[in-house]
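Reader: I would like a careful close look at a single part of this structure, beginning with what is hidden from solvent there and then working outwards to its surroundings. Please give the meaning of each term as you come to it.

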Amino acid sequence: MIVSLLAAAAISAACDLEKPSGQPGCTRAAVDALPMNAVQVIGTHNSYKMAIAPDEFARIAAANPKAAATLDYSHRPLKEQLDAGARQLEIDVVSDPGAGGLYATPLGHKAAGARAVPYDFGPLKGPGLKVLHVPDVDYRSVCATFAACLGDVRAWSKAHPGHVPILIILNLKEDGVSLPGAVRPPLFDAAAMDGIDREIRSVFPERALITPDQVQGRHATLRDAVAAGGWPKLKAARGRVMFALDCPPDQVARYREGRKVLEGRAAFVNIDEASPAAGYITLNEPKELSARIAAAVKAGIIVRTRADADTYEARANDTTRQTAAFASGAQYVSTDYMQPDPRFGPYAAKLPGGGTARVSPAAP
């Protein structure tokens, strides 16, 4: 760990770790010797989300203005986000077993009638994991199926093999809206949990992934491995993708399914720092949880936090939370505003110093 700290300290603060300049303090050799958990990048929250259609949004706003305000954001296609420098994406997944088609006739679209904005429901009609925010009301996605989202990332990654590791966070949605006729998403049972891994591995070969087993190696637990510096160096981690389930404890338990750690699983899990499966954690409040974030990073755990939430910072042009997020040392800082929303003002989240990746201020 001391060696890693010294190596990180030797890298220039202005060095873009994804594209080292070759100048003193920013050479490829020095950068590639860093462990991947010494890196800090920016990413996006609910990366798949498109805007709710105007008539449908107006109905939501009339019923619940506060809730509507929190839903009033959208993102560009995943490839465009990656082109812009996002190195963390977040995808919400719903289970659609059997014949499928659970989400292909949303209430919001039906209620809009003649005012409904066209949307291709074709990908939602078959079985398999689907990608959307809230069934029936906030269902438009830049990639409607999990497989399609994964395919977009894989294609971009293959075309840019020098990228620093991309973290893809998964939320497993099991709730719907309380309206007559609304869809109630099925629970992620053992088959659905296995389906997540199966779809990931159908798109990403093992050499393109960073998995819990790879990081754990011969250590007794994943927690032991990351504390001992088990994350791969950037040279080995470039061009690869890491998945993490940002899930409540009951879903984490279902995904682990009695495993001691995460044996055989494709994804890390959001779990308490003392767990044998600790390697990743979501700590979304960078001001309130700054000490915990710093301690987790020091312990070798990869942390995701948020620069903004619920459109509040964008509407107020408030960068306080963003500043705290980057200063916390969390490796992945998520935003809804890599570019400003002109309706709200100039607010945007940018990696301090520019570039795509820098040494985390709390690098282990």
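**Helix α8 and its surroundings**

Author: In this predicted model, the residues of α8 that count as buried (under 20% relative accessible area with a 1.4 Å probe and protein chains only; exposed is over 50%, and partly exposed lies in between) are Ala192, Met193, Gly195, Ile196, Asp197, Glu199 and Ile200. The model is a prediction in which local features need pLDDT of at least 70 and side-chain atom pairs count only at pLDDT 80 or more, while totals for chains, interfaces and linings use all residues. Residues are numbered from 1 along each chain as its sequence is written, and side-chain values use heavy atoms, with hydrogens and water left out.

The buried residues of α8 are in contact (heavy atoms within 4.5 Å) with several elements, namely α7, β4 (166–173), β5 (209–210), β6 (241–245), α12 (249–256) and β7 (267–269). These names refer to DSSP runs numbered from the N terminus, helices being H or I runs of at least four residues and strands E runs of at least two.

As for its own geometry, α8 is built from 14 residues and spans 21 Å from first C-alpha to last, which is close to the 20 Å expected, where the expectation is 1.5 Å times one less than the number of residues. At its N-terminal end α8 is capped by Asp189, a side-chain oxygen of which lies 3.2 Å from the backbone nitrogen of Ala191. That pair is a polar contact, in other words N or O atoms within 3.5 Å, where within protein one atom must be able to donate a hydrogen and the other to accept it, and where residues adjacent in sequence count only if both atoms are side-chain atoms.

The partner to examine next is α7. The axes of α7 (residues 146–159) and α8 (residues 190–203) come within 9 Å and cross at roughly 35°, the axes being lines fitted to C-alpha atoms over the stretch in contact and the angle running from 0 to 180 degrees between N-to-C directions. This crossing is right-handed, meaning that the near helix is turned clockwise from the far one by less than a right angle, as opposed to anticlockwise for left-handed. On the α7 side the contact is made by Phe146, Ala147, Leu150, Gly151 and Arg154, and on the α8 side by Ile196, Glu199, Ile200 and Val203. Sorted by class, this contact holds 6 nonpolar, 1 polar and 2 charged residues, with Ala, Val, Leu, Ile, Met, Phe, Trp, Tyr, Cys and Pro taken as nonpolar, Asp, Glu, Lys and Arg as charged, and the others, Gly among them, as polar.

Strand β4 can be followed through Leu170, which is placed in that strand and is buried at 0% relative accessibility. Apart from neighbours within four places in sequence, Leu170 is in contact with Ile196 and Ile200, with Phe146, and also with Ile91, Val93, Phe243, Ala244, Leu245, Asp246 and Cys247. Ile196 and Ile200 belong to the α8 side of the contact with α7, and Phe146 belongs to the α7 side. Cys247 is 77 residues from Leu170 in sequence, yet their C-alpha atoms are 7.9 Å apart.

Beyond α12 comes Glu257, in the loop that joins α12 to β7. Glu257 has a positive phi of about 45° although it is not a glycine, and at 44% relative accessibility it is partly exposed. Most residues other than glycine have a negative phi. Asp310 also has a positive phi without being a glycine, at about 60°; it lies in the loop between β9 (302–306) and α14 and is partly exposed at 47%.

On the other side of α7 in the sequence is Pro135, in the loop between β3 (130–131) and α7. Pro135 is buried at 1% relative accessible area and, leaving out residues up to four places away, touches Tyr103, Asp175, Gly176, Val177 and Pro185.

A last point of reference is Leu222, in helix α10 (residues 222–227), which is buried at 0% relative accessibility. Its C-alpha is 5.9 Å from that of Pro276, a residue 54 places away along the chain. Among the residues that Leu222 touches are Pro212, Val261, Phe268 and Pro276. Of these, Phe268 falls within the range of β7, one of the elements against which the buried residues of α8 pack.
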